[in-house]
Amino acid sequence: MENNRKDPRRQLIGAVSKALGQQFERDINAAFDHYRRLGVASIEKTPEPFHMTGRENGGKVVGFYEKKAQPDYAGTLRGGRSVYMEAKFTGSNRMEQSRVSPGQTEYLDEKMRLGAFCYVLAGFSHGGAYCIPWSVWRSMKEHYGRKFITENDITQYKIPRTTTGMLAILGTGKE
């Protein structure tokens, strides 16, 4: 007889990692809301495309999220320059380059060629957050000798927090 029971330790680790990833996204959203209020930037979360396949009895929508190619955040900085950011979170001590999909890679490459600022916002489980230039992420093998990064590799891209705890993604938050 096959044992279909799940390991409760792995389930707990997964639940904690998911909660921390959601907090990372809330922190990013809060920072971008702050920058919008200051007039520094207008950067918004890109909605995930949902494909509705029908409705069940009672009106419940049935469908699926299509695999997206666009990065998580897109917007404009004061002065008119476009910015695109892909956000990734990991519960482990390293982040694989392959976490950015081929479609997202193509999209960010195109935007960077056109002059946009492009970054990967990387979050790690103990709270470290980093804003890695797309050109560095894209050529990770050349920069680090492998196709993954650790926090020790990217200390120069660490995002500081303000005295109120906000991620200062674009600067101190006092612009």
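D33 and R36 are three residues apart in helix 1, so about one helical turn separates them. Their side chains form a salt bridge, with the closest N and O atoms 2.9 Å apart. Keep in mind as you look around that this is a predicted model. A search of the whole structure finds seven salt bridges and four aromatic pairs, and the points below walk you through some of them.

**The salt bridge within helix 1**

- How exposed are the two partners, D33 and R36? D33 has a relative accessibility of 34%, so it counts as partly exposed.
- R36 counts as partly exposed too, at 33% relative accessibility.

**A salt bridge across the sequence**

- R161 and D27 also meet through their side chains in a salt bridge, at 3.1 Å from N to O.
- Where do these two residues lie along the chain? R161 is in the segment after strand 9 (148-150), while D27 belongs to helix 1 (residues 8-38), so this pair ties together parts that are 134 residues apart in sequence.
- Buried means under 20% relative accessible area. D27, with 17%, is therefore buried.
- R161 counts as partly exposed, with a relative accessibility of 39%.

**E86 and its surroundings**

- Here is a salt bridge with buried partners: the side chains of K88 and E86 meet at 3.0 Å, N to O. K88 is buried with a relative accessible area of 12%, and E86 is buried at 1% relative accessibility.
- E86 can be found in strand 5.
- Which residues does E86 touch, once its neighbours within four places in sequence are left aside? E86 is in contact with Q70, P71, D72, V100, Q104, L108, Y119, V120 and L121.

**Aromatic pairs**

- A pair of aromatic rings is described by two things, the distance of the centres and the angle of the planes.
- Of the four aromatic pairs found in the whole structure, one is formed by Y84 and Y107, which are arranged edge-to-face, at 5.9 Å centre to centre and with 75 degrees between the planes.
- The pair of Y84 and Y107 links distant parts of the chain: Y84 sits in strand 5 (residues 82-90) and Y107 in helix 2 (residues 102-113), 23 residues apart.
- Is Y84 buried or exposed? Y84 is buried, with a relative accessible area of 12%.
- Why is the pair of F124 and Y130 called edge-to-face? Planes over 60 degrees apart count as edge-to-face. The planes of F124 and Y130 are at 85 degrees, with the ring centres 5.8 Å apart, so the pair fits that description.
- F124 counts as buried at 2% relative accessibility, and Y130 counts as buried at 4%.

**Charges over rings**

- What sits over the ring of F117? The charged end of R81 does, at 3.9 Å from the ring centre.
- K45 lies over the face of Y73, 5.4 Å from the centre of the ring.

**A quick tour to try on the model**

- Start in helix 1 with D33 and R36, about one helical turn apart, then follow D27 of helix 1 to R161 in the segment after strand 9.
- Move on to strand 5, where you can pick out E86 and also Y84, whose ring partner Y107 lies in helix 2.
- Finish with the ring of F117 and the charged end of R81 over it.

How values were computed. Residues numbered from 1 in each chain as written. Predicted model: local features only at pLDDT ≥ 70, side-chain atom pairs only at ≥ 80, totals over all residues. Heavy atoms only, no water. Phe/Tyr/Trp six-rings, centres within 6.5 Å; stacked < 30°, edge-to-face > 60°. Helix = DSSP H or I, 4+ residues; strand = E, 2+ residues; numbered from the N terminus. Buried < 20%, exposed > 50% of the residue type's maximum accessible area, 1.4 Å probe, protein only. Lys NZ or Arg CZ within 6 Å of the ring centre and 35° of its normal. Salt bridge = Lys/Arg side-chain N within 4 Å of Asp/Glu carboxyl O. Contact = heavy atoms within 4.5 Å.
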